[in-house]
Amino acid sequence: MPLLSIKIIIFSFVQALTEFLPVSSSGHLIILHQFIDDNILNNLTFDVALHGGSLLALIIIFFKDIKNIIINSFDSLLKRKNLIKSKDLGFVIFFTIIPAGIAGYFFSDYFEYIFREPIMVAFALIFGSVFLILGEKICKNKKQIYDIGFRDAIFIGMMQCLALVPGVSRSGITISSGMILNISRKDAARFSFLLAIPIIFGAFIKKIFDNLESNYDFMILIMGFVFSFIFSVIAIKFLLKLLSKFSLYPFVIYRI
């Protein structure tokens, strides 16, 4: 059990750190499973627990933002604003998650199993780096998070579909897509985190119904959930502070 506990901490740390850094959590977990071959942890049910911890960390850290988004969205509905022209952040997030939500519902299992080989992850890590470079080259830091409009949302949402391939990175593709649209690096990261809440929640619920096994050791799931939550809180705060001062190029080098 002590050895298993150490493995759980390692997996939780890798999940939390790579979920929010633009380096792909799914890709890293696939690679990590090749180094730590454990039938208990090499299981999509355990991955569900790790994602659950990350989701809770997002909700707690961005609770104030979430509350304001919900209040403002209801206010927009009551005032019958034009949702297409509106830059209400709640509706912008809603429009952004539609493409990835549809693609994830119909194709997530296909991509998760077909591209679960380390060599495919390696190519995806390099491929995703191209968008990080483009974001840094193009971004002029003109837009803030509340300047994001409907067209921006659709573009980021379509690009987010690429993250179904393990190794591309959901946070990486959304941050770089935002920067390509001239959204500042820090605000692109904030928008990426807010987008992650409904996306991870949807994937979390879907995987629970698809993969949860009645005979799985729930103590292992609880440990994975708790450690993932702790490390996720640290990772989110670290990345927000990091991106306010430094570029994405170190992540490009790391991915390659």
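# A walk through an all-helix model

The helices α1 and α2 are roughly antiparallel to each other, because the angle between them is over 145°. That is the place to begin your tour of this predicted model.

**Stop 1: α1 and α2**

Select residues 2–20 for helix α1 and residues 25–35 for helix α2. Two packed helices are described by the angle between their axes and the distance between the axes. Here the angle is about 155° and the axes are 8 Å apart. The crossing of α1 and α2 is right-handed.

Now show the side chains where the two helices meet. From α1, pick Ile-10, Phe-11, Val-14, Gln-15, Thr-18 and Glu-19. Their partners in α2 are Ser-25, His-28, Leu-29, Leu-32 and His-33. An α-helix has 3.6 residues a turn, so residues three or four places apart point the same way. Keep that in mind while you look along each helix.

Which residues of α2 are buried? They are Ser-25, Gly-27, His-28, Leu-29, Ile-30, Leu-32 and His-33. Just before them, select Ser-24, which caps the N-terminal end of α2. One of its side-chain oxygens lies 3.0 Å from the backbone nitrogen of Gly-27.

**Stop 2: zoom out**

Show the whole chain as a cartoon. How many helices and strands does the protein have? There are 11 helices and 0 strands. Of the 256 residues, 52% count as buried. Among the contacts with a separation of 6 or more, 83% join residues 24 or more positions apart. The next stops show some residues that are far apart in sequence.

**Stop 3: His-51**

Select His-51 in helix α3. Is His-51 buried or exposed? His-51 is buried, with a relative accessible area of 16%; the label fits because buried means under 20%. Leaving out residues up to four places away in sequence, His-51 touches Gln-15, Glu-19, Ser-25, Ile-200 and Lys-207. You have already met Gln-15, Glu-19 and Ser-25 where α1 and α2 come together.

**Stop 4: aromatic rings**

Next, display the aromatic side chains. A search of the whole structure finds 7 aromatic pairs. Select Phe-62 and Phe-193: their ring centres are 5.7 Å apart and their planes stand at 40°, so this pair is tilted. Phe-62 sits in the loop between α3 (44–61) and α4 (63–78), while Phe-193 is in helix α9 (residues 185–211). The pair links distant parts of the chain, 131 residues apart. Phe-62 is buried, with a relative accessible area of 4%, and Phe-193 is buried too, at 0%.

For another group of rings, select Phe-13, Phe-227 and Phe-231, which form one aromatic cluster.

**Stop 5: Val-233**

Move to helix α10 (residues 218–243) and select Val-233. Add Gly-53 and draw a line between the two C-alpha atoms. The residues are 180 apart in sequence and 9.4 Å apart in space. Setting aside residues up to four places away in sequence, Val-233 touches Ala-57 and Ile-61.

**Stop 6: α7 and α8**

Select residues 150–160 for α7 and residues 170–180 for α8. These helices pack at an angle of about 150°, with their axes 9 Å apart. That makes α7 roughly antiparallel to α8. Their crossing is right-handed.

Which residues meet here? Phe-155, Ile-156, Met-159 and Gln-160 in α7 meet Arg-170, Ile-173, Thr-174, Ser-177, Gly-178 and Ile-180 in α8.

**Stop 7: two loop residues**

Most residues other than glycine have a negative phi, and most peptide bonds are trans. Now select Ser-169, in the loop between α7 and α8. The phi of Ser-169 is near 90°, a positive value. Ser-169 is also buried, with a relative accessible area of 3%. Then go to Asn-182, in the loop between α8 and α9. The phi of Asn-182 is positive as well, near 70°.

**Last stop: Lys-186**

Finish in helix α9 by selecting Lys-186. Lys-186 is partly exposed, with a relative accessible area of 42%. Which residues is Lys-186 in contact with, leaving aside its neighbours within four places in sequence? They are Leu-240, Leu-243 and Ser-244. Ser-244 is 58 residues from Lys-186 along the chain, yet their C-alpha atoms are separated by 5.4 Å.

Key
Residues are numbered from 1 along each chain as its sequence is written. This is a predicted model: local features need pLDDT of at least 70, side-chain atom pairs count only at pLDDT 80 or more; totals for chains, interfaces and linings use all residues. Side-chain values use heavy atoms; hydrogens and water are left out. Rings of Phe, Tyr and Trp (its six-membered ring) pair if their centres lie within 6.5 Å; planes under 30 degrees apart count as stacked, over 60 as edge-to-face and the rest as tilted. Helices (H or I, at least four residues) and strands (E, at least two) are DSSP runs, numbered from the N terminus. Buried means under 20% relative accessible area, exposed over 50%, partly exposed in between (1.4 Å probe, protein chains only). A polar contact is a pair of N or O atoms within 3.5 Å; within protein, one must be able to donate a hydrogen and the other to accept it, and residues adjacent in sequence count only if both atoms are side-chain atoms. Axes are lines fitted to C-alpha atoms, for helices over the stretch in contact, and angles run from 0 to 180 degrees between N-to-C directions. Angles under 35 degrees count as roughly parallel, over 145 as roughly antiparallel, 65 to 115 as roughly perpendicular and the rest as oblique. A crossing is left-handed if the near helix is turned anticlockwise from the far one by less than a right angle, and right-handed if clockwise. Contact means heavy atoms within 4.5 Å.
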